[in-house]
Amino acid sequence: KIVSDTGPIIGLAKIGKLDLLKEFSEEILVPSFVNKELFGKIGPESEYIERALNHFIHVADVSVLDSETEKIIADLDEGEKQAIGLASKMRGSVLLLLDDHAGRRAAAKLNIRTTGLVGVLLLAKEKGYVDKVGPLLIELRRNGYWLSDQVIEVTKRLADE
């Protein structure tokens, strides 16, 4: 199962690769606040996002969280809180897509596996779903998704490019 925050979905949509998520899981979930953020997105990627939300990304409610989880996620934004909360309530194997460092630290404290947009692209290359990651990173940047030179350099090195 995959639970996602807003950023990785927007990034994948910006480069026309949102369908990659279907290759990794039959169940891709977002909490209601992330759904609202995604539907509020305008731009060329909004068409990809809307199609995904109507076909393979599903909205799931976040149930009541225990006090320890609430404490750990207290300082995060609402989308991150709900995504981490949803992932924390899932049984079995779950992967949380989250780019925010503070959110990843909170998820780690709750023993939730995380990766971000770059991790998805690296996995897609490893599995043969994309040929190269470097051009996708440049396209992401060109389409307004912030990536540092260091992130691009390290990612290309990890991808053997």
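Ile28 of strand S2 stands opposite Ile57 in strand S3. S2 covers residues 28–31, S3 covers residues 57–60, and 4 bridges join the two, which run parallel. Strands (E, at least two residues) and helices (H or I, at least four) are DSSP runs, numbered from the N terminus. Two strands count as paired if DSSP finds at least two bridges between them.

Before going further, a word on what you're looking at. This is a predicted model, where local features need pLDDT of at least 70 and side-chain atom pairs count only at pLDDT 80 or more, while totals for chains, interfaces and linings use all residues. Residues are numbered from 1 along each chain as its sequence is written, and side-chain values use heavy atoms, with hydrogens and water left out.

## The sheet

S2 has another partner too: strand S1 (residues 2–4) pairs with S2 in the parallel sense over 2 bridges. Here Val3 has Leu29 of S2 as its bridge partner. S1 is also joined to strand S4 (residues 95–97) by 3 bridges, again running parallel, and Ile2 stands opposite Leu95 in S4.

Put it together and you get an open sheet of 5 strands in the order S3-S2-S1-S4-S5, with parallel pairing. Which strands stand at the edges? They are S3 and S5 (113–115), each with a single partner strand, so one side of each is left without a neighbour in the sheet. From one strand to the next, the twist averages 35 degrees.

Now zoom in on S2. In a regular strand the side chains alternate between the two faces of the sheet. Are the side chains of S2 buried or exposed? Ile28 and Val30 on one side are buried, and so are Leu29 and Pro31 on the other, which leaves both faces of S2 covered. Buried means under 20% relative accessible area, exposed means over 50%, and partly exposed is in between (1.4 Å probe, protein chains only).

Helix H6 (residues 78–89) lies across S1, S2, S3 and S4, running at about 130 degrees to S2. Angles like this run from 0 to 180 degrees between N-to-C directions, and axes are lines fitted to C-alpha atoms, for helices over the stretch in contact.

## Helices that pack together

Here are two helix pairs side by side.

| Helix pair | Angle | Axes apart |
|---|---|---|
| H1 (residues 6–14) and H8 (residues 117–126) | about 50 degrees | 9 Å |
| H8 and H9 | about 150 degrees | 10 Å |

Angles under 35 degrees count as roughly parallel, over 145 as roughly antiparallel, 65 to 115 as roughly perpendicular and the rest as oblique. H1 and H8 are therefore oblique to each other. Their contact (heavy atoms within 4.5 Å) is made by Pro8, Gly11 and Leu12 of H1 and Leu117, Val120 and Leu121 of H8. Sorted by class, that contact has 5 nonpolar, 1 polar and no charged residues. Ala, Val, Leu, Ile, Met, Phe, Trp, Tyr, Cys and Pro count as nonpolar, Asp, Glu, Lys and Arg as charged, and the others, Gly among them, as polar.

H8 and H9 are roughly antiparallel to each other, and their crossing is right-handed. A crossing is right-handed if the near helix is turned clockwise from the far one by less than a right angle, and left-handed if anticlockwise. Leu117, Val118 and Leu121 in H8 meet Leu136, Leu137 and Leu140 in H9, a set that divides into 6 nonpolar, no polar and no charged residues.

H9 (residues 134–142) also meets H10 (residues 149–158): their axes come within 9 Å and cross at roughly 160 degrees. That makes H9 and H10 roughly antiparallel to each other, with a right-handed crossing. Gly134, Leu137, Ile138 and Arg141 of H9 and Asp149, Ile152, Thr155 and Lys156 of H10 make the contact. What classes turn up in the contact of H9 with H10? There are 3 nonpolar, 2 polar and 3 charged residues.

## A few residues to look up

Most residues other than glycine have a negative phi, and most peptide bonds are trans. Asn111, in the loop between H7 and S5, has a positive phi near 60 degrees and counts as exposed at 72% relative accessibility. Asp160, in the segment after H10, isn't a glycine either, yet has a positive phi of about 55 degrees. At 73% relative accessibility, Asp160 is exposed.

Finally, find Ala102 in helix H7 (residues 101–109). Ala102 is partly exposed, with a relative accessible area of 31%. The C-alpha atoms of Ala102 and Glu80 are separated by 9.4 Å, with the two residues 22 apart along the chain.
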